[in-house]
Structure formats: C-alpha cells, structure tokens
Amino acid sequence: MNTVIFDLDGTLLDTIGDLAEAVNFALENNGLSRLPLETIKGYVGNGAARLIERSSGSKQGEPLFEKCRNDFSAYYMSHLCVFTKPYEGISETLTEVKNRGFKTAILSNKPDGAVKELSDFFFKGLIDIALGERGGVPKKPDPTAVLEIIDRFGVNKEEVIYAGDSEVDIQTGKNAGVKTLSCLWGFKTKEFLVENGAEILLEKPSDILKYI
C-alpha cells in the first residue's frame with residue numbers, strides 16, 4: 001500500500017453542524033420548517049442536490065428546489081468553519097500517514113470549492129489532492145474520480161486504500177476495485193454500515209495505520 005483516499009464529511013471532518021445550519025437557513029428562508037440535526041445527518045453523502053431534495057421535499061428543476069439550493073450554497077460557503085472540526089485523532093493520523101511516505105487524497109461529493117477550502121484550512125501539507133463535486137464528473141459511488149486520483153498518482157489499484165463513513169463510500173470503493181475501510185465515528189451507525197456491505201470497520205482514526 002502506498003496511497004490513502006479519504007472521504008471528507010463524517011470521515012475527516014465533523015461537518016454536520018454547519019451543514020444543518022445551512023439547510024435550515026434555506027428551509028426557513030423559503031417558508032419551510034427546520035429539521036432536526038439527526039434527520040439532516042441521514043440525508044448527507046450524495047451531494048448538495050440530493051441533500052436539498054430530501055430536506056425540502058422538492059425535485060431538481062422545481063422553483064422551490066432551485067431557491068433552496070441557492071440559499072443553502074450561499075449560506076454554507078460563507079459559514080464553512082463555524083462548527084466544523086476534525087474528528088479527534090484525525091490530524092495526528094494524517095501526519096503519521098504522511099510521515100510514512102504515503103500519498104493522500106480527499107474525495108467528496110461536497111462542492112469542489114468547499115472541499116479545497118476545508119482541506120487547505122484544516123490539513124494544509126497533509127493532503128496531496130482534494131477533489132469534490134465538479135461539472136462533468138459523476139459523483140460517488142461512481143468510481144471515475146477515484147480512478148482519476150489513482151491515475152494522477154501513477155499507482156496501481158492494489159496499492160490504494162479508500163476510507164469513508166457511509167454506504168456511498170462502501171459502494172465507491174467496491175466500484176473502483178480498491179480496499180475499503182468503514183469509519184464508525186462518522187454519520188452512520190455500525191449496524192447500518194454492516195447491512196450495506198462494510199467489511200473492515202475502524203473504531204478510531206489511528207486504526208487506519210494497521211492497514212498501511
């Protein structure tokens with residue numbers, strides 16, 4: 001192994017507080033009721049559009065959806081780091097991974113600009129490539145972006161570990177044909193992850209070091 005690709009939300013960063021505030025700002029701004037944090041937590045993982053669909057009960061292309069998504073995006077991009085923080089032990093683990101000479105990447109369904117800003121703010125010097133949702137590139141669980149990272153690093157699939165906290169990440173790793181680790185400190189429960197095909201479970205960030 002020589003490369004580790006990480007999901008962002010629920011894996012490296014606890015972002016749910018800021019995501020929930022942005023969602024609820026958009027809902028209230030459009031005459032809808034606020035949602036509990038735990039409800040919003042269950043809606044994340046498939047990108048901003050799906051999050052807004054689930055939260056607002058509207059579909060892409062509908063006026064309500066478009067207004068909510070615009071309000072969400074504007075609020076979130078100006079409030080990225082109010083509550084957001086790395087999970088305990090993440091920064092130390094990333095430092096050790098880099099000290100061992102590994103290549104590192106972040107791959108998220110969050111908008112690309114937000115991913116790069118958060119990576120630079122919290123993990124400067126620890127992440128080699130940070131990619132989010134980009135036009136023309138399918139979102140996870142499609143493996144396209146994973147394979148792009150592998151190609152940019154010039155490594156083989158057999159040398160790559162993918163770590164995430166959701167069913168989307170499990171499927172992404174399987175679709176890309178790379179070893180996949182599931183984090184138990186994120187947004188999904190152990191039972192949920194096992195039901196969705198998790199094979200290797202990590203209790204804490206430093207457990208990643210056992211597999212590299």
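Student: How do you know that helix α1 has close to the span expected for its residues?

Tutor: Let's set the value against the rule, keeping in mind that this is a predicted model. Helix α1 covers residues 16-29, which makes 14 residues. The expected span is 1.5 Å times one less than the number of residues, and for α1 that comes to 20 Å. From first C-alpha to last, α1 reaches 20 Å, so the value is close to the expected one.

Student: What makes α1 "largely enclosed"?

Tutor: Buried means under 20% relative accessible area. In α1, 10 of the 14 residues are buried, so the rest of the structure largely encloses this helix. Among those buried are I16, G17, D18 and L19. The covering elements include β2 (13-14), α2 (37-41), α3 (48-56), α4 (63-77) and β4.

Student: What comes just after α1?

Tutor: G31, and its phi is positive, about 75 degrees.

Student: Now α4. How do you know that its buried residues line one face?

Tutor: Start with the names: F65, C68, D71, F72, Y75 and Y76 are buried in α4. Looking down the helix axis, these residues fall within an arc of 140 degrees, so they line one face of α4. P63 and A74, on the other side, are exposed. The buried residues are covered by elements including α1, α3, β4 and α6. As for span, α4 has 15 residues and reaches 21 Å between its first and last C-alpha, close to the 21 Å expected.

Student: Let's move to the sheet. Why are β5 and β8 said to stand at the edges?

Tutor: Follow the order of the open sheet, which has 6 strands: β5-β4-β1-β6-β7-β8, with parallel pairing. β5 and β8 (201-202) each have a single partner strand, so one side of each lacks a neighbour in the sheet.

Student: Why do we say that β4 and β5 pair?

Tutor: Two strands pair if there are at least two bridges between them. Strand β4 (residues 103-111) and β5 have 4 bridges, so they qualify, and they run in the parallel sense. One bridge puts A105 together with I129 in β5. Between these strands the chain passes through helix α6 (residues 112-123), in a right-handed β-α-β crossover.

Student: What makes β5 "mostly covered"?

Tutor: Count the buried residues: in strand β5 (residues 129-133), 4 of the 5 are buried.

Student: Which helices lie across β4?

Tutor: One of them is α6, which lies across β4 and β5 and runs at about 135 degrees to β4. Helix α7 (residues 144-153) lies across β1 (3-6), β4, β5 and β6 (160-164), at about 150 degrees to β4.

Student: And on the other half of that order, how do you know that β7 pairs with both β6 and β8?

Tutor: Use the cut-off of at least two bridges again. β6 and β7 are joined by 4 bridges and run parallel, while β7 and β8 have 2 bridges, also in the parallel sense. Both counts reach the cut-off, so both are pairs. S182 in β7 shows up in each: G164 stands opposite S182, and S182 stands opposite L201 in β8. The chain gets from β7 to β8 through helix α9 (residues 190-195), and this β-α-β crossover is right-handed. β6, α8 and β7 also make a right-handed β-α-β unit. Strand β7 (residues 179-183) is mostly covered too, with 4 of its 5 residues buried.

Student: Why is N175 called partly exposed?

Tutor: N175 sits in helix α8 (residues 167-176). Its relative accessible area is 37%. Partly exposed lies between the buried limit of 20% and the exposed limit of 50%, so N175 with its 37% belongs in that class.

Student: What is N175 in contact with, beyond its neighbours within four places in sequence?

Tutor: P141 and P143. Contact means heavy atoms within 4.5 Å. P141 is in the loop between β5 and α7, and a cis peptide bond with an omega of about 15 degrees joins K140 to P141. K140 itself is 35 residues from N175 in sequence, and their C-alpha atoms are 9.4 Å apart in space.

Terms used. Residues numbered from 1 in each chain as written. Predicted model: local features only at pLDDT ≥ 70, side-chain atom pairs only at ≥ 80, totals over all residues. Heavy atoms only, no water. Buried < 20%, exposed > 50% of the residue type's maximum accessible area, 1.4 Å probe, protein only. Right-handed = clockwise from strand over helix to strand, strands pointing away. Axes fitted to C-alpha atoms, helices over the stretch in contact; angles between N-to-C directions. Arc of directions from axis to C-beta.
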